[in-house]
Amino acid sequence: MTRVIVVDDEEDLRELLVNRLNRRGYDAVGVPSAEQALERLEKGTYDIGIFDIKMNGMDGLTLLEKVKNSGAKDIEVVMLTGHGTIETAIEAMKKGAYDYLTKPYKLSEMEVVLQKAVEKKQLKEDRDSMKALLHAKEKTFNIIGSSEKLLQAQELTAKVADSDASILIEGESGTGKELFAKALHYWSSRRDEAFIAVNSGAIPEQLLESELFGHAKGAFTGAQKEKKGLVEVAHNGTLFLDEIGEMSLDVQVKLLRFLETGQFRRVGEVKEREINVRVVAATNRDMEHEVAEGRFREDLYYRLQVLKITVPPLRERMDDIPELVSFYLQSHSKWSDKTLSKEAMEALVSYDFPGNIRELFHIVERGCLLSKGHEVSASDLMLPTSPKKEVAQSDPCGDVERTLEEVEKEHIAHVLEHTEWNKSDAARILGVSVRNIYRKIEQYKLSPDGR
C-alpha cells in the first residue's frame with residue numbers, strides 16, 4: 001500500500017484530501033506543519049509527500065530541501081501552490097519535487113498526479129535493483145563433462161527444473177553446485193526472471209536477515225532508508241542460498257516460515273509481505289550430522305530437501321579432466337595458445353583434487369604462469385603430494401576407520417599447506433568463509449609448523 005503524507009496548515013483542505021486518499025486505497029496521514037512532517041518522516045517511511053508551499057512557520061520549499069537532504073530523500077513530492085506562487089513551485093521542481101498543483105485543484109487531478117508519482121518511484125526502485133538484476137539474468141553457465149555420474153546429475157536436474165519445490169544441492173566445495181542451481185533456473189519456466197545468489201557464509205550473521213528480507217528505515221543503526229531484501233528482488237525467479245549450513249539458527253527460523261507460507265516481514269516492520277520465489281539451497285556439509293549436532297534445524301533440513309541433487313566430486317569423474325582443462329584454456333584468451341604435455345595431463349588425472357574443479361583451474365592457471373613456452377609441463381603444475389593416496393596404499397581401510405573430524409582436520413591442513421597458509425585462498429578452495437577457516441584452525445589447533 002502506498003503511504004502518503006499531506007502537509008498543509010489549512011485543516012479543512014488537509015482532512016478532505018486525506019479522507020479521499022484513504023477511500024481510494026492509499027495509506028494517508030495529514031499534519032499541519034513542516035516541523036511535524038519532519039518528525040513523522042524521521043520515524044516512518046512514506047512514498048509520496050504533498051506539501052503546501054505557503055504555511056505558517058517553515059514553508060513547503062524549505063521542507064522540501066530538508067527532506068531531499070535527509071534519509072527520506074527518495075520520497076516523491078507534489079507541491080501545492082496558489083496562483084501567485086507558481087514560479088516558486090517551478091523552482092521546487094528544480095530542487096527535486098515531482099510536480100505541482102495550483103489551488104483550488106480537482107481531486108481527480110490530484111489522483112492522476114499521485115498515480116504518476118507512484119509509477120516514477122517504482123521505476124526508481126527498479127533501477128536501484130538493476131545492477132543485481134543484470135547479474136541475475138546472466139545466462140552464461142557451462143556444466144563441462146560427459147562422465148556417467150555427471151550426466152546422471154544433469155538428467156535429474158532437467159527432470160525437476162520446472163518444479164516449484166525447494167531443492168537441496170549437495171556436494172564438496174568446488175564441484176560446481178552453483179552451475180546446477182543456474183541450470184535449475186534457466187531450464188525452468190522462470191528462466192526470464194531473476195536468478196539471485198546469496199552466499200550465506202560470506203555475509204555477517206547480524207546482517208544476513210536484513211540482506212534476505214530487507215529492512216525498514218531506522219530498523220537498526222545505519223538503516224537510513226528502507227531496503228528491499230533479495231527475496232523481493234528474486235520475485236517470480238529463483239533464490240539460490242549457497243553455504244546454507246553457515247546460516248545461524250535465528251535466520252533459519254525465519255527462512256523456514258518463509259518457505260512454508262511465502263510470507264515474510266522486513267526487519268523493523270510488522271507488515272506481512274508475500275512473494276513468489278523458488279528456493280534452491282546448496283551445502284558442502286554433512287547436513288544430517290549438522291542436524292544431529294543441533295547446528296541446523298531438522299524441520300528446515302527436511303523442508304529444503306524435498307528434492308536433492310548430489311554433484312559428484314572431481315575424483316569420481318576423472319575422465320572429465322581433459323575436457324575441463326580445454327574449457328579453461330579456451331575461456332581465458334591469454335592462455336588460449338597453451339597446451340598441456342602428456343606428462344602434465346597424466347599428473348592431473350593421478351591427483352585426487354581435494355578442492356575439486358576450483359582447485360583444478362587454480363593448478364592449470366599456475367602451470368600457465370610458470371611455463372616458458374606454449375606447452376605446460378608436469379613440473380610447471382607444481383602438484384602437491386596427495387595424502388589420501390598415501391593412506392590408501394598403506395592402509396586400504398584407513399578412510400573407513402577414521403572419524404569425520406579426523407578426515408576434516410587432515411583435509412583442511414592439506415589445503416592450508418597447499419596454499420602456503422593463505423587463508424583466503426584456502427577458504428575459496430574449501431568453499432567456506434574465511435571466518436570459518438579461522439574457527440577450524442582454532443578448533444583443530446592447526447599451525448604452519450604442524451605443532
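**View 1. An open sheet of five strands has the order β7-β10-β13-β6-β14, with parallel pairing.** This is a predicted model, in which local features need pLDDT of at least 70 and side-chain atom pairs pLDDT 80 or more, while totals for chains, interfaces and linings use all residues. Residues are numbered from 1 along each chain as its sequence is written, and side-chain values use heavy atoms, without hydrogens or water. Helices (H or I, at least four residues) and strands (E, at least two) are DSSP runs, numbered from the N terminus; two strands pair if DSSP finds at least two bridges between them. At the edges of the sheet are β7 (195-199) and β14 (307-310), each of which pairs on one side only. From one strand to the next the twist averages 20 degrees (axes are lines fitted to C-alpha atoms, for helices over the stretch in contact; angles run from 0 to 180 degrees between N-to-C directions). The edge strand β7 runs parallel to β10 (residues 238-242), and five bridges join the two. Within this pair, Phe 240 of β10 is opposite Ala 197.

**View 2. Helix α9 (residues 205-213) turns buried residues towards several elements.** Buried residues of α9 include Leu 208, Ser 210, Leu 212 and Phe 213 (buried is under 20% relative accessible area, exposed over 50%, partly exposed in between; 1.4 Å probe, protein chains only). The buried residues of this helix pack against strands β7, β8 (214-215), β10 and β11 (263-264), and against helices α10 (230-233) and α11 (249-261) (contact: heavy atoms within 4.5 Å). Gly 214 comes just after α9 and has a positive phi of about 80 degrees.

**View 3. The largest nonpolar core holds 32 residues.** Such a core is a set of buried Ala, Val, Leu, Ile, Met, Phe, Trp, Tyr and Cys residues joined through side-chain atoms within 4.5 Å. Val 198, Leu 212, Leu 239, Leu 241, Ile 244 and Phe 258 have the most contacts inside the core. Two or more residues each come from the strands β7, β10 and β13 (278-283) and from the helices α9, α10, α11, α12 (287-292) and α13 (298-304). The most, five residues, are given by α11. Setting aside neighbours within four places in sequence, the contacts of Val 198 are Ile 203, Leu 208, Leu 212, Leu 230, Leu 239, Phe 240, Leu 241 and Asp 242. Another core, of 23 residues, lies apart from this one, and Ala 34, Leu 41, Phe 51 and Ala 72 are among its members.

**View 4. A second open sheet has five strands in the order β2-β1-β3-β4-β5, with parallel pairing.** The edge strands β2 and β5 (99-102) each have a single partner strand, so one side of each is left without a neighbour in the sheet. The twist in this sheet averages 20 degrees from one strand to the next. Helix α4 (residues 86-94) packs on the sheet, where it touches β4 (76-81) and β5, and its direction makes about 165 degrees with that of β5. Helix α2 (residues 34-43) lies across β1 and β2, and runs at about 160 degrees to β1.

**View 5. Strand β1 (residues 3-7) is mostly covered, with four of its five residues buried.** To strand β2 (residues 27-31), β1 is joined in parallel by five bridges. Val 29 of β2 stands opposite Ile 5, and Val 31 of β2 stands opposite Val 7. With strand β3 (residues 48-52), β1 forms four bridges, again in the parallel sense. Gly 49 is the bridge partner of Ile 5 in β3.

**View 6. Ser 371 sits in the loop between α16 (356-370) and β16 (375-376).** The relative accessible area of Ser 371 is 8%, and therefore the residue counts as buried. The side chain of Ser 371 makes a polar contact of 2.7 Å with that of Lys 338 (N or O atoms within 3.5 Å; within protein, one able to donate a hydrogen and the other to accept it, with residues adjacent in sequence counted only if both atoms are side-chain atoms). Not counting residues up to four places away in sequence, Ser 371 touches Lys 338, Val 376 and Asp 380.

**View 7. Gly 82 lies in the loop between β4 and α4.** The relative accessibility of Gly 82 is 29%, so this residue counts as partly exposed. Gly 82 and Ile 53 are 29 residues apart along the chain, and their C-alpha atoms are separated by 8.4 Å.
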